[in-house]
Each structure stands twice: as C-alpha cells, then as structure tokens.
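Here are my notes for anyone opening this one for the first time. Keep the viewer beside you and take the points in order.

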Amino acid sequence: MSLYDFAKGLVLEAGNKVRTMMKDELNIETKSNPNDLVTNVDKATENYIYEAILRNYPDHQVIGEEGHGHHIENIEGVVWVVDPIDGTLNFVHQKENFAISIGIYRAGQPYAGFVYDVMKDVLYHARAGEGAFENKHPLPPIEDTVLNQSLIGINPNWVTKPKIGPIFSEIVNQSRSCRAYGSAALEIISVAKGQLATYMTSRLQPWDFAGGLIILDEVGGISSNLLGEKLTIARANSVIIGNKQVHQEILQNYLEPHSDVLTELHERFKK
C-alpha cells in the first residue's frame, strides 16, 4: 500500500470514529481563552492518527494541534501535519461544518493533502502534481475573478481588531460580500472549489492550512502570508489564499500600502 492510500484510509477511518464518539457526551475544555475549545474527541482522534502513523511509519514526524510535535525542530524527512477537528466551535455548537485535515510533506515539499468533511462524508484529497479530487471526482481549475464581483472569506472578529481591522474592512467593503464558515480547512476548500475567491486571516497554525493548501495548489490557487511571503509548515503565519487575480489585487491594492502594520504583526510570529 502506498503512503497516499494509507493516509486516505486513515483519515476516513478517523472520521468514522469521530461520528461514533459524537453519540456520547462531550468533555469540553478551554485552552488559551474561553473560546479556544478542545474536546475529548479532538484528543482521541489525534491520538488514533498519531499512533497509526508511527506504528506503520516509525521514522515519520507528526505535528498535531492537540499536543503532538508543536515545536518541531526541522521539517526534514516525512512530516505529517494533523488537525483532528478543524472547526471545534462548530463541532461543539453545530455538530457539523468541521473537518479532519492532514498534510504530508517530504523534505518540506508537499506530497499529499486531505480535508475530510466528516458529517457530509466528503473527502477532498490531492497528491502533488496529480490533481485534486472531491471523493472520486476531479476538481476543475479555479477561475480568476475581480474583488468587486467576488465573495470572500474572513472571520468577522478580525475586522474588529484595532490595527488590522481597518485594513480588512476596506477589503470587505470592496468585495461583493463576505462569508465566515468557522473552519479554515473547509474555507480553503471553498476557495479551491471556486465558491470563495479568497480567504484571509491574521493568524493560522500549520495544522489549519497544511492539508488544504496542497489541494488548492492542484487547482491553480495561490497562497502566501499577508506580506506576500511563502507559507511554511514550521510556524504560525497570517494567510491569504485565492485565485491568482484576486490574490494579486488584494496584495497590491490593499495590503502592500499597509506593510508597516503587517510587518509589525508578523514580528510577533517569530517570538
């Protein structure tokens, strides 16, 4: 069995376990703040994935949201970047609109990405250079759009922040409208499917974007941080992804004029 097929089967089986565990009462805890939640299902799912990986590939590294490999020293060899429940608030409050996200990288280069919409039983997946799929159906290349004719994705909480808020507000005002779905992985997929023209956020961890970006690449999307710099799985970053035209339009017209504020924001990620 190839590494790709193993990972594909693993994420589907992890989804089965999540649906089973949801029948029982959730144990909910807070992390960095009252809105940063983790459940027993998050932890159990990551443990299941982690143990299965190391049982079959003991030389691989794992970066996981719920405690496995947060501070990875290097990205040499094969690295799995795992978010067992992306969209935990949705999971807790809605029991849907969340995903299992896995990105696999070899020597820092993308190998395969998986985003599993658990409750819809839809798996988005891609092996680098071989196209992206929604279950068994190929995803077509995304088309370019212009901002004033586009739906964009952004968490409204960022629009209220003192420094970054006015920058994002200007972009929202120039767009056709905006949406917030509460799962970064699924919002990246929405861009890959052409449902959103772009998705922006001031801060994401690698496990939030690693799987989705590989799928996005395969349909011609583009990604960077808000300064236009390449993203890495080694650390948190701001993120803007989209079709090429809207990505360039937002960078040049709305983000570059505020490079001083954005540079100050990014200095915090290095600490």
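1. Before anything else, bear in mind that this is a predicted model. I'll begin with a small detail: N135 is partly exposed, with a relative accessible area of 32%. You'll find N135 in the loop between β8 (132–134) and β9 (137–138). Its phi is positive, about 55 degrees, although N135 is not a glycine.

2. A107 is another one to click on. Where is A107 found? It sits in the loop that links β5 (99–106) to β6 (109–117). Here too phi is positive, about 50 degrees, and the residue is not a glycine. A107 counts as partly exposed, because its relative accessible area is 47% and the partly exposed class runs between 20% and 50%.

3. Now zoom out to the sheet that these loops belong to. Seven strands make up an open sheet in the order β3-β4-β5-β6-β7-β8-β9, and the pairing is mixed. At the edges stand β3 (61–64) and β9; each has a single partner strand, so one side of each is left without a neighbour in the sheet.

4. Let's walk through the sheet, starting with β4 (residues 78–86). β4 and β5 are antiparallel partners, with seven bridges between them. If you want a landmark, look for D83, which stands opposite S101 in β5. As a reminder on the chemistry, strands of a sheet pair through backbone hydrogen bonds, either parallel or antiparallel.

5. Next comes β5 itself. How many of the eight residues of β5 are buried? Seven are, so β5 is largely enclosed by the rest of the structure. On its way to β6 the chain makes a hairpin with two residues between the strands, and this is where A107 takes its positive phi near 50 degrees. The two strands run antiparallel and are joined by eight bridges. Y105 has P110 in β6 as its bridge partner, and I104 stands opposite A112, also in β6.

6. From β6 we move to β7 (residues 122–127). These two strands run antiparallel, joined by six bridges, and F114 has H125 in β7 as its bridge partner. Their hairpin has four residues between the strands, and D121 takes a positive phi near 55 degrees there. Five of the six residues of β7 are buried, so this strand is also largely enclosed by the rest of the structure.

7. β7 then turns into β8 by way of a hairpin with four residues between the strands, and G129 in the turn has a positive phi of about 85 degrees. Three bridges hold this antiparallel pair. A126 is the residue that stands opposite A132 in β8.

8. What packs on this sheet? Helix α2 does, touching β3, β4 and β5, and its direction makes about 160 degrees with that of β4. Helix α7 (residues 206–218) lies across β3, β4, β5, β6, β7 and β8, and it runs at about 105 degrees to β6.

9. Stay with α2 for a moment, since it has a helix partner as well. Two packed helices are described by the angle between their axes and the distance between the axes. For α1 (residues 3–21) and α2 (residues 40–56), the angle is about 150 degrees and the axes are 10 Å apart. Angles over 145 degrees count as roughly antiparallel, and α1 and α2 are therefore roughly antiparallel to each other. Their crossing is right-handed.

10. Which residues of α1 and α2 meet? On the α1 side they are F6, L10, E13, A14, K17, V18 and M21. On the α2 side they are V41, A44, T45, Y48, I49, A52, I53 and N56. Sorted by class, this contact has 11 nonpolar, two polar and two charged residues.

11. Finally, don't miss the other sheet. It is an open sheet of five strands, ordered β11-β10-β12-β14-β13, with mixed pairing. Its edge strands are β11 (177–179) and β13 (222–224), and each of them pairs on one side only. Ignoring direction, neighbouring strands here are turned by 20 degrees against each other on average. One pair to look at is β10 (residues 151–154) with β11, which is parallel and has three bridges; there, G153 has R179 in β11 as its bridge partner.

Key:
Residues numbered from 1 in each chain as written. Predicted model: local features only at pLDDT ≥ 70, side-chain atom pairs only at ≥ 80, totals over all residues. Heavy atoms only, no water. Axes fitted to C-alpha atoms, helices over the stretch in contact; angles between N-to-C directions. Parallel < 35°, antiparallel > 145°, perpendicular 65-115°, else oblique. Left-handed = near helix turned anticlockwise from the far one by under 90°. Contact = heavy atoms within 4.5 Å. Nonpolar A, V, L, I, M, F, W, Y, C, P; charged D, E, K, R; others polar. Buried < 20%, exposed > 50% of the residue type's maximum accessible area, 1.4 Å probe, protein only. Pairing = 2+ DSSP bridges.
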